[in-house]
Amino acid sequence: MSTVKVPCPQCKKKLIWSSDNPHRPFCCERCKLIDLGAWASGDYQIAAEMNPDEEEFSTGMVELSNWRSPTIH
Ligand SMILES: [Zn+2]
């Protein structure tokens, strides 16, 4: 098997694409958390604010979390 290398979406460092890498497509947990943090801190909210369907989307998210709760408990 040949080794596939892909650039980390966060730091652009090349990483080996392997099922042994739990953080792929990121190089490490840190880059993964940074990317998730970017979503949480609102870096991507500009697009959402321009979306007229935002309210509908948010309602769907609430329904999804309510639906999941009984499964967790
Ligand atoms: Zn990285």
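Let's start with Asn21, which sits in the loop between β2 and α1. Keep in mind that this is a predicted model. Asn21 is buried, at 11% relative accessible area, because the cut-off for buried is under 20%. Setting aside neighbours within four places in sequence, Asn21 touches Leu15, Ile16 and Phe26.

Now compare Thr3, in the segment before β1. Thr3 is exposed, since its relative accessible area is 54% and the cut-off for exposed is over 50%. Ile16, one of the contacts of Asn21, also has a C-alpha 6.8 Å from that of Thr3, although 13 residues separate Thr3 and Ile16 in sequence.

Here are those two residues side by side.

| Residue | Where | Relative accessible area |
|---|---|---|
| Asn21 | loop between β2 and α1 | 11%, buried |
| Thr3 | segment before β1 | 54%, exposed |

On to the metal. What coordinates the zinc ion? Four SG atoms do the job, from Cys8, Cys11, Cys27 and Cys31, at 2.3 to 2.4 Å. Along the chain, these donor residues follow the spacing C-x2-C-x15-C-x3-C. Cys8 belongs to the loop between β1 (5-7) and β2 (14-16), while Cys27 belongs to the loop between β2 and α1, so this pair ties together parts that are 19 residues apart in sequence. Cys8 and Cys27 are both buried.

As for geometry, the angles subtended by the four donor atoms run from 106 to 118°, so the arrangement around the zinc ion is tetrahedral. For four tetrahedral donors, the ideal angle is 109.5 degrees.

Some of the zinc donors turn up again in the largest nonpolar core, which has six residues: Val6, Cys8, Leu15, Phe26, Cys27 and Cys31. Leaving out neighbours within four places in sequence, Cys31 is in contact with Cys8, Gln10, Cys11 and Phe26.

That brings us to the helix. α1 covers residues 29-40, and its 12 residues should span 16 Å at 1.5 Å a residue; the C-alpha atoms at its ends are indeed 16 Å apart, so the two agree. Which residues of α1 are buried? They are Cys31, Asp35 and Ala38. Looking down the axis of α1, these buried residues fall within an arc of 55°, so they line one face of the helix. Arg30, Leu36 and Ala40, on the other side of α1, are exposed. After α1 comes Gly42, with a positive phi near 100°.

Notes. Residues numbered from 1 in each chain as written. Predicted model: local features only at pLDDT ≥ 70, side-chain atom pairs only at ≥ 80, totals over all residues. Heavy atoms only, no water. Helix = DSSP H or I, 4+ residues; strand = E, 2+ residues; numbered from the N terminus. Expected span 1.5 Å × (residues − 1). Buried < 20%, exposed > 50% of the residue type's maximum accessible area, 1.4 Å probe, protein only. Arc of directions from axis to C-beta. Donors = N, O, S within 2.8 Å, 3.2 Å for Na, K, Ca; no water. Tetrahedral: all angles 85-135°; square planar, octahedral: opposite > 155°, others 65-115°. Core = buried A, V, L, I, M, F, W, Y, C linked by side-chain atoms within 4.5 Å. Contact = heavy atoms within 4.5 Å.
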